[in-house]
Amino acid sequence: MIVRRAAATDAAVLAELQGLEPGKLAAWAEWIATHAETHLPFVGEVDGHVVAAAWLHIAERVPRNDAFDRRCGDVQSVMVREDYRNQGIGAALITAILAEAETRNLTHVTVHSSRRAVDFYLRHGFSHHRQLLIWQQHGH
């Protein structure tokens, strides 16, 4: 298994893992290129085939006196193909994302988890935070 940052040549498989329709591939590739500084895709490969992906979204935070370069991260769109689940690929993706977060000195990283994945994230260093609140637009 190999975990690596995705390249432009991975656009089609990233689109497929995201469930995008084939006709949207050009717009998808353009979106990836446009957001290359803020949305970092990582992929997991087995035998040369991409079987998993996860994204690290990096956002700038408002500067403070002690730090003008403040950024945080958010893990998004984690997907492991069903036949490859429970083999450590998701763990390797999260490890790579958190290493990138440390390299970039992010203040914190959040994840909006499905219920079945909460324990997975807790095992990888995430914790419940009683001050983190979420507002959702109706219908989303």
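The following paragraphs walk through the sheet, the helices packed on it and the nonpolar cores of this predicted model.

Residues are numbered from 1 along each chain as its sequence is written. Because the model is predicted, local features need pLDDT of at least 70 and side-chain atom pairs count only at pLDDT 80 or more, whereas totals for chains, interfaces and linings use all residues; side-chain values use heavy atoms, with hydrogens and water left out.

A convenient place to start is the sheet. It is open and mixed, with 5 strands in the order 1-2-3-4-5 (helices, H or I of at least four residues, and strands, E of at least two, are DSSP runs numbered from the N terminus; two strands pair if DSSP finds at least two bridges between them). Strand 1 (2-5) and strand 5 (109-111) are the edge strands, each pairing on one side only. From one strand to the next, the twist averages 25° (axes are lines fitted to C-alpha atoms, for helices over the stretch in contact, and angles run from 0 to 180 degrees between N-to-C directions).

Strand 2 pairs with strand 1 in the antiparallel sense over 4 bridges, and Val-3 stands opposite Gly-44 of strand 2. Gly-44 also has Ala-52 as its bridge partner in strand 3, and Ala-52 in turn stands opposite Val-80 in strand 4. Strand 2 and strand 3 form a hairpin with 2 residues between them, and Asp-47 in the turn has a positive phi of about 50°. Strand 2 is largely enclosed by the rest of the structure, because 8 of its 8 residues are buried (under 20% relative accessible area, with exposed over 50% and partly exposed in between, for a 1.4 Å probe and protein chains only).

Helix 3 (residues 89-103) lies across strands 1, 2, 3, 4 and 5, running at about 30° to strand 3. The axes of helix 1 and helix 2 (residues 25-34) come within 10 Å and cross at roughly 105°. The two helices are therefore roughly perpendicular (65 to 115 degrees; under 35 is roughly parallel, over 145 roughly antiparallel and the rest oblique). Their contact (heavy atoms within 4.5 Å) includes Leu-14 of helix 1 and Trp-28 of helix 2.

What remains is the interior. The largest nonpolar core (buried Ala, Val, Leu, Ile, Met, Phe, Trp, Tyr and Cys residues joined through side-chain atoms within 4.5 Å) has 21 residues, and Leu-56 and Val-109 have the most contacts inside it. Apart from this core lies another, of 12 residues, among them Ala-6, Val-13, Trp-28 and Ile-32.
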